[in-house]
Each structure stands twice: as C-alpha cells, then as structure tokens.
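This report describes the fold of one protein chain and several of its residues. The sequence and the coordinates are shown first.

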Amino acid sequence: MLDSIDLKLLAALQRDAQLTAQQLGDLLHLSNSQAGRRRQRLESEGYIKSYVARLDPRRLGLAVQGFVQVHLASHGAEQANAFARLINTTPQIVDAWTMTGDADYLLRVYCADLPDFNHLIQDVLLFHPTIARVHSQIVMDQLKTDGPLPM
C-alpha cells in the first residue's frame with residue numbers, strides 16, 4: 001500500500017524525475033537515506049516504470065503531430081502480429097492503443113511536415129495489407145502535454 005509520503009514522492013518525481021535523494025528528503029521532511037530507500041522501493045515494486053527526458057518535437061524538426069484511427073481488413077492473430085510489427089518498426093508512430101468503438105487502433109504520430117505525414121498515411125499505413133482504412137487528424141495546438149497521473 002502507498003502512504004501519503006509515497007504519493008507525495010511520486011507526485012514530485014512526475015514533476016521532476018531528476019530530484020536527488022537530498023531534494024526529495026527536504027521536500028518530504030525525511031532524511032536523504034529514507035527518501036532514497038522509498039524511491040528504490042517504489043521502483044522495485046513497479047510504481048516507477050522508468051525515467052525519461054521529454055524532448056521538444058519542434059526543435060527536432062517534427063512540426064506535425066497527428067492521430068490516426070486504423071481499421072483492420074480482417075481480425076486474427078496473424079493480422080494483429082503483422083500490424084504490431086508495423087507499429088514497432090515505424091519511428092513516426094510514437095504511441096498505439098487498441099480501442100473500443102469503430103476503429104481497431106489509435107496511433108499518435110509525429111512527422112516533419114505535411115508531405116511526410118501524407119507519405120506515412122499513403123505509402124506506409126494504407127500500403128500495409130492488414131489495414132483496410134484510416135482516419136487521420138492533425139493536431140492544431142496542444143493545450144496540455146503528458147500531464148501527471150492524478151494522485
């Protein structure tokens with residue numbers, strides 16, 4: 001079970017994963033070693049999955065963010081495995097979810113520009129034999145970016 005200190009520690013790390021044990025200890029009113037042990041326990045128990053750097057897509061030349069709903073031509077293990085290979089080998093696809101409702105999958109993609117986005121849709125996704133159709137949307141503005149999980 002998580003106690004209130006664990007929840008405060010997790011919330012602090014969601015804001016800044018680079019906090020040191022000393023900074024966490026100061027924030028949580030614990031000793032450095034207590035804060036460090038709590039962090040290690042939360043890591044080993046799987047509450048903290050990883051530490052990553054959030055990069056600015058525009059600074060990296062990725063000006064177009066989009067969402068693509070994918071409808072498979074047929075359903076089965078072979079088709080699902082082939083589609084999984086496609087999403088795992090296409091770098092523009094950064095997130096993929098299976099969905100309820102009309103679409104089978106929802107993809108989050110980043111592309112350099114509209115021609116690159118068009119190439120992804122026309123020459124990669126629609127060219128793939130498992131995909132029957134797609135519905136794409138281009139992000140105009142992002143109001144909230146990967147917000148922290150509610151605690």
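Aspartate 6 touches Met1, Arg38, Arg41 and Leu42, residues up to four places away in sequence being left out of this list. The model in which these contacts occur is a predicted one. Aspartate 6 is placed in helix 1, and its relative accessible area of 1% makes the residue buried. Between the C-alpha atoms of aspartate 6 and leucine 28 the separation is 9.3 Å, the two residues being 22 residues apart along the chain.

Helix 1, which comprises residues 4-15, also contains leucine 10. Leucine 10 is buried, at a relative accessible area of 9%. Apart from residues up to four places away in sequence, leucine 10 touches Leu2, Leu42, Tyr47, Ile48 and Met151. Leu42 is therefore a contact of aspartate 6 and of leucine 10. Methionine 140, by contrast, lies 32 Å from leucine 10, C-alpha to C-alpha, with their positions 130 residues apart in sequence.

**Overall architecture**

The protein comprises five helices and four strands. Read from the N terminus, the order of these elements is α-α-α-β-α-β-β-α-β. The radius of gyration is 20 Å, whereas the globule rule gives 15 Å for 151 residues; the protein is therefore more spread out than a compact globule. The C-alpha trace spans about 60 × 35 × 25 Å along the principal axes.

Of the 151 residues, 32% are buried. The accessible surface amounts to about 10200 Å², and carbon and sulfur atoms account for 53% of this area. When contacts between residues at least 6 apart in sequence are considered, 64% of them join residues at least 24 apart. The protein carries 14 positive and 16 negative charges, and the mean positions of the two sets are 8 Å apart.

**The aromatic pair**

One aromatic pair is present in the structure. The partners are phenylalanine 83 and tyrosine 105, whose ring centres are 4.3 Å apart and whose planes stand at 35°, so the pair is tilted. The cut-offs behind this assignment are that planes under 30 degrees apart count as stacked and planes over 60 as edge-to-face. Phenylalanine 83 belongs to helix 4 (residues 77-89) and tyrosine 105 to strand 3 (residues 105-111); the pair therefore ties together parts that are 22 residues apart in sequence. Phenylalanine 83 is buried, its relative accessible area being 1%. Tyrosine 105 is likewise buried, with a value of 13%.

**Loop and terminal positions**

Which residues other than glycine have a positive phi? Histidine 29 is one of them, with phi near 60°. This histidine 29 is located in the loop between helix 2 (21-28) and helix 3 (32-44), and it is exposed, at 74% relative accessible area. Aspartate 146 also has a positive phi, of about 35°, without being a glycine. Aspartate 146 is situated in the segment that follows strand 4 (131-138), and its relative accessible area of 39% places it among the partly exposed residues.

Aspartate 16 occupies the loop between helix 1 and helix 2. With a relative accessibility of 33%, aspartate 16 is partly exposed. Alanine 63 lies in the loop that joins helix 3 and strand 1 (64-72). Alanine 63 is partly exposed as well, at 39% relative accessible area. Beyond residues up to four places away in sequence, alanine 63 touches Arg58, Cys111 and Ala112.

The table lists C-alpha separations for four residue pairs.

| Residue pair | Separation in sequence | C-alpha to C-alpha distance |
|---|---|---|
| Aspartate 6 and leucine 28 | 22 residues | 9.3 Å |
| Leucine 10 and methionine 140 | 130 residues | 32 Å |
| Aspartate 16 and aspartate 104 | 88 residues | 35 Å |
| Alanine 63 and arginine 38 | 25 residues | 40 Å |

Alanine 63 and arginine 38 are thus listed with 25 residues along the chain and 40 Å between their C-alpha atoms. Arginine 38 also appears above as Arg38, one of the residues that aspartate 6 touches.

Technical notes. Residues numbered from 1 in each chain as written. Predicted model: local features only at pLDDT ≥ 70, side-chain atom pairs only at ≥ 80, totals over all residues. Heavy atoms only, no water. Phe/Tyr/Trp six-rings, centres within 6.5 Å; stacked < 30°, edge-to-face > 60°. Helix = DSSP H or I, 4+ residues; strand = E, 2+ residues; numbered from the N terminus. Buried < 20%, exposed > 50% of the residue type's maximum accessible area, 1.4 Å probe, protein only. Rg over C-alpha atoms; globule rule 2.2 N^0.38 Å. Contact = heavy atoms within 4.5 Å. Areas by Shrake-Rupley, 256 points an atom, 1.4 Å probe, with all protein chains shown as cover. Lys, Arg positive; Asp, Glu negative; His and termini not counted. Charge placed at Lys NZ, Arg CZ, Asp CG, Glu CD.
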